[in-house]
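Hi,

Here is the structure I promised to pass on to you. Have a look at it first, and then read on for what turned up when I went through it.

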Amino acid sequence: MSRSLLQPPEPAQIWTVSRLNREARFALEQGFPALWIEGEISNLARPASGHLYFSLKDESAQVRCAMFRPQQRNLGFRPENGEKVLVRARVGLYEARGEFQLKVEAMEPAGVGALQRAFEALKQKLAAEGLFDEAIKRPLPAMPRRIGVVTSPTGAAIRDIITTLGRRYPMGEVIVYPVPVQGDGAAEKIAAMLSTAGRREECDVILLARGGGSLEDLWSFNEEVVARAIRACPIPVVAGVGHEVDFTIADLAADYRAPTPTGAAEAVSPDSTEWVQWLRQREQRLERAINARLQQSRERVTTLQRRLSLRHPGQYLQQQAQRLDELERRAGRIIRRRLNDEYRRLNHLRERLQLASPAVGLDRSKQRLQELRQRMIRAMERRCGQQRQKLGALARTLHTVSPLATLERGYAIVESPDGGIIRNADQLMAGDEIRARLARGRVSAHVIEVQREDESQ
């Protein structure tokens, strides 16, 4: 008899499968810290328990994963098959099946997570250099003559900015510096255009703007080269990037951060209506101040006259009175000249506001609408005439092939009492009632004789 070559183990040395899996799980959990792992989701399952079970794979391997319901509280998106994600997980083993798996504690889209980390890293770096300090922020001009706009010439941002400036500040000139606002090389082109605008010194303030989008769409405004170009520009820069919830490195580096492109335009443009009101108030204050100053001068002269009359002859008083009259005339000329200048300036502003009024465009639109209405009426009449001619031709053609035209040539349509058409003598018998439809009217008759085709032969 053959004997086993292995020494029989002691009972205490024999492990159960459960013990093996349990010890393997402890070894895996204690041997690996929490890891960040990137891969693609596949075999995703969402059972009624609310847990997530899926595989995480790359080009050459995959691993099973479980994300239990409590860990999904901070999940900011809905995972789907084929989506590339970044997970923080702990290595473990599912004892019941002896399956190696990852227990996922957190998950985020792979690209967005990398971009967000890059954003935070650059933000901390530039903040440490003092690039975002409020002390280096430049004040915005109260009434800029020229406003530069660095943005895409075809995007919605430039239309919003021009519309807002035209409504609030029509006397301000706008210079557009066209650049791409996303894609490869966009950040370098934005930085180069900021440098060009600063070198030319054509404008008093620069708006750096684009519409909203995802973090990837706005990434050109999170590049270090753009932030440094903003601070190197000798002209104050206002950032109006994305929507109000969007925040970029360019917003932090700019001298002023607006929530939207429209907000950026409002930040650099005084309201023309408020400006005219301010001028009127200043005019009234100036007039009151001059009148008060003149009154003080008159009172002072009167006081001096009283004092001098006790010590000097009347000739001196006459000279002082003449001097006072001369001062009053000079003050009056100065006041009138200043008021005339202010009135001319105010009238000029009124004329520019009237030219920018929507009523002018509305009158042109009404005239254009009238012309289009007349053209539409003529086109409809011409089209109706053509359709009448076509209908007449079709009616004549229809009449030619109509059975009623056949009746005009002496033929008749024979019908049974119930309205059916009689096409064959076999349908009738002697004594049957028939009706004949003629070209004009109908007749009723009784069949006297039926001659069938075979009998006639």
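**What I found**

Let me start with a single residue: E201 sits in the loop between α4 (186-200) and β8. Its phi is near 55 degrees, a positive value in a residue other than glycine. Is E201 buried or exposed? With a relative accessible area of 59%, E201 is exposed, because the cut-off for that class is over 50%. Do keep in mind throughout that this is a predicted model.

E201 has company as far as phi goes. N43 is not a glycine either, and its phi is positive at about 55 degrees. You'll find N43 in strand β1.

**The whole chain**

Stepping back, the protein chain has 12 helices and 13 strands. What is the radius of gyration of the protein chain? The value is 47 Å, whereas a compact globule of 457 residues would come out near 23 Å. The box filled by the C-alpha atoms, taken along the principal axes, is roughly 165 × 125 × 40 Å.

Some other totals for the chain:

- Of its 457 residues, 30% count as buried.
- Its accessible surface is about 30600 Å², and carbon and sulfur atoms account for 51% of that.
- If you take contacts between residues at least 6 apart in sequence, 61% of them join residues at least 24 apart.
- There are 71 positive and 57 negative side chains, and the centres of these two sets are 11 Å apart.

**Strands β1 to β5**

Now for some strand pairing. Strand β1 (residues 35-45) pairs with strand β4 (residues 84-94) in the antiparallel sense, over 6 bridges. On the other pairing of β4, 10 bridges join it to strand β5 (residues 99-109), and these two also run antiparallel. L86 is a handy residue to click on here: E38 stands opposite L86 in β4, and L86 in turn stands opposite E108 in β5.

β4 and β5 make a hairpin with 4 residues between the strands, and there G98 takes a positive phi near 65 degrees. A second hairpin is formed by β2 and β3, with 4 residues between them. Strand β2 (residues 52-57) and β3 are antiparallel and share 6 bridges, and F54 has C65 in β3 as its bridge partner.

How do β3 and β5 run, parallel or antiparallel? They run parallel, joined by 3 bridges. To find that pairing on screen, look for R64, which stands opposite Q101 in β5.

E83 lies in the loop between β3 (62-67) and β4. Setting aside neighbours within four places in sequence, E83 is in contact with G39, E40, I41, F77, R78 and P109. Even so, E83 counts as partly exposed, at 23% relative accessibility. For a sense of distance, E83 and D325 are 242 residues apart in sequence, and their C-alpha atoms are 91 Å apart in space.

**Two helices**

In helix α7 (residues 261-268), the buried residues are P261, G263, A264, A265 and V268. What covers the buried residues of α7? The cover includes β6 (146-151), α3 (156-168), β8 (205-210) and β9 (237-241). As a reminder, an α-helix has 3.6 residues a turn, so residues three or four places apart point the same way.

The other helix is α8 (residues 272-309), which holds L294. L294 has a relative accessible area of 18%, so it falls under the 20% cut-off and is buried. Not counting residues up to four places away in sequence, L294 touches A331 and I335. The C-alpha atoms of L294 and E328 are separated by 7.7 Å, with these positions 34 residues apart along the chain numbering.

**A loop further along**

Last one: I421 is in the loop between β11 (413-415) and β12 (433-437). Why is I421 classed as partly exposed? Its relative accessible area is 33%, and the class covers values between 20% and 50%. Leaving out neighbours within four places in sequence, I421 is in contact with I413, V414, E415 and Q427. I421 and A436 are 15 residues apart along the chain, and their C-alpha atoms are separated by 9.8 Å.

Have fun with it, and write back with any questions.

How values were computed
Residues are numbered from 1 along each chain as its sequence is written. This is a predicted model: local features need pLDDT of at least 70, side-chain atom pairs count only at pLDDT 80 or more; totals for chains, interfaces and linings use all residues. Side-chain values use heavy atoms; hydrogens and water are left out. Two strands pair if DSSP finds at least two bridges between them. The radius of gyration is taken over C-alpha atoms; the globule rule is 2.2 Å times the number of residues to the power 0.38. Buried means under 20% relative accessible area, exposed over 50%, partly exposed in between (1.4 Å probe, protein chains only). Contact means heavy atoms within 4.5 Å. Accessible areas come from the Shrake-Rupley method with a 1.4 Å probe; for residues, only the protein chains shown count as cover. Lys and Arg count as positive and Asp and Glu as negative; His and the chain ends are not counted. The place of a charge is taken as NZ of Lys, CZ of Arg, CG of Asp or CD of Glu.
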